[in-house]
Amino acid sequence: MAERVEASVTEGENTIEEREVGAMWELEQKLDQPMDEEANKLNNMYREKGLSILMLLRLSFQSLGIVYGDLGTSPLYVFYNTFPDGIDDSEDVIGALSLIIYSLLLIPLIKYVFIVCKANDNGQGGTLAIYSLLCRHAKVKLIPNQHRSDEDLTTYSRTLSAEGSFAAKTKKWLEGKHWRKRALLVIVLLGTCMMIGDGILTPAISVLSATGGIKVIKPNMSGDIVVLVSVVILIGLFSMQHYGTDKVGWLFAPIVLIWFLFIGSTGIYNICKYDTSVLKAFSPTYIYLYFKRRGLDGWISLGGILLSITGTEALYADIAYFPLLAIQLAFTLFVFPCLLLAYCGQAAYLVNHKEHYQDAFYASIPNSVYWPMFVVATGAAIVGSQATISGTYSIIKQAVAHGCFPRVKIVHTSKKFLGQIYCPDINWILMLGCIAVTASFKNQSQIGNAYGTAVVLVMLVTTLLMVLIMLLVWHCHWILVLIFTVLSLFVELSYFSAVIFKIDQGGWVPLIIAAISLLVMSVWHYATVKKYEFEMHSKVSMSWILGLGPSLGLVRVPGVGLVYTELASGVPHIFSHFITNLPAIHSVVVFVCVKYLPVYTVPEEERFLVKRIGPKTFRMFRCVARYCPFFFSVLK
């Protein structure tokens, strides 16, 4: 009987506690008033405006200097890295050319320019931009600071999945386990870290390959002099970055334009002069014959062929700098044809001069235009580095937004184009890394091996993320997703299997860079999540604040007091310390929260949310300032 009475009393106490908790929750909801936007929205103000033909041509021209420089300088070193030990059979050149042609067709043109680049976050590209899209379409973000009002943003675009659809099932599966969300973030950060490594290796191999042309004319020149010249050029390149993408683009675009015209016209000249039969490489039959003839050596040579599509991953990261249509126009009508002509011309020369495999590019240039071509090649190599440098700025900015990287200074270099930025701290880190790699290796072959490893891993990560984009965002039929996945993985895993053989020949460099970057990003993100969770669990009870009365138990002096907090709701724990340790507090208290959102930009009219905390007599408010990653940036 006593046990029954005790159980009844216990149940009664639990019921009373539950009612008290429920009552306090309702009280907090009533006192913590819904947020109202400070100003009215301007619907669709950040959608891409229609571009005139003249503006489109201008931006297409500028994109040559920023986006395509890296991809355009690949002819400097592809054939040397494909045949590092020499050419045994002229037919091997035709087979390698066929591989280059179809690699350019499948990866840069079809996959990236016309498919992957459409998966942009309001114009922003890269693996973290894909992650932002996924965070809006599924609850995969590890920092639990999402608010329903965020979804009302003009730039917070997302599509809903029909119940029971394949997209809805995929979304449910992804959200079902915490380890899946964490695995997704690790994959994204891996691609981001490889892209940072790419930003170090691209300038090194491009500039070193271009300046190596001096030794073709003067073979007795010391290799240390070539390295020294390369280092001086790299220092000059990174010192120019603070002028901004717009100015650098206007400076570099004419150089790249002349470069593409030069390599295209030289290619036509070599095809006509040496061997027009190389055009048979457009038949994929020669790919099969190439592997049949060379066996394992042919498969390993894919590591050199891979360098013909390097710069493609930077192309995707750089789409924030220019409209997608301008990038597609420039590549399809100008860059792609010139690259095909350049490689066909080099192949035609090598068929008849197999002994020049080490310097195929410079050896195939007519003597009458050698020095002008050398100057333009050096300039183009410098420009080629610009694509990955600009792309690195973009992904660092995105990493800051997701709480995966320390806050660094970001400078806006253009009043017209929001995506054109400069990051001083990252710029000098990249410069030191480039100089270290150039001075250490002194050999474009080993740098090429390292470069290829970084590029293929970024491509593999992009393919995996694109599968989720096609399912959750685009709602593509699973058959289309399967076709895209199988074709992409077949090509990229083939390249990956080839670069594995070169890990000990320089391929370890990007892995070390990525490991260090991944460690920094993982630790920073972990600390950010733990800090937010601590503040969430240490919030001050509203009943305690109400018990203090309108004066909060202190003298209220004239003025406005700002209290910074990471919380978008509730009163932070630090406020209780102010109440218990300060003799007075301002008559108006505002809790300020700076919140980063997974969007490319937050319109000014939707940036600030203001709400009252408690009764009017308490004069306490909350202001949530919602930003994209540009908060700690300066307009130059």
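Select first the largest nonpolar core, which comprises 165 residues; Tyr-68, Leu-76, Phe-79, Trp-259, Phe-260, Phe-361 and Tyr-362 have the most contacts inside it. Such a core is a set of buried Ala, Val, Leu, Ile, Met, Phe, Trp, Tyr and Cys residues joined through side-chain atoms within 4.5 Å, where buried means under 20% relative accessible area, exposed over 50%, and partly exposed in between (1.4 Å probe, protein chains only). Helix H20 (residues 444–473) gives the most to this core, with 20 residues. Another core, of 15 residues, lies apart from it and includes Leu-554, Phe-575, Phe-591 and Met-620.

The model is predicted: local features need pLDDT of at least 70, side-chain atom pairs count only at pLDDT 80 or more, and totals for chains, interfaces and linings use all residues. Residues are numbered from 1 along each chain as its sequence is written, and side-chain values use heavy atoms, with hydrogens and water left out.

Next, select helix H6 (residues 127–137): 11 of its 11 residues are buried, so the helix is largely enclosed by the rest of the structure. Helices (H or I, at least four residues) are DSSP runs, numbered from the N terminus.

Turn then to the surface. Phe-166, Trp-478, Ile-479, Leu-480, Leu-482, Ile-483, Val-486 and Leu-487 form a nonpolar patch with about 810 Å² of accessible area together (Shrake-Rupley method, 1.4 Å probe). Helix H21 (residues 478–499) supplies the largest share, 7 residues, while Phe-166 is found in helix H7 (residues 166–176). Patch residues have over 30% relative accessible area and no salt bridge, with nonpolar side chains joined within 5 Å and like charges within 9 Å; a salt bridge is a side-chain nitrogen of Lys or Arg within 4 Å of a carboxyl oxygen of Asp or Glu.

Finally, select Asp-85, Asp-88, Asp-89 and Asp-297, which gather in a surface patch of negative charge. Asp-85 lies in the loop between helix H4 (78–82) and helix H5 (90–113).

Conventions: Helix = DSSP H or I, 4+ residues; strand = E, 2+ residues; numbered from the N terminus. Lys, Arg positive; Asp, Glu negative; His and termini not counted. Charge placed at Lys NZ, Arg CZ, Asp CG, Glu CD.
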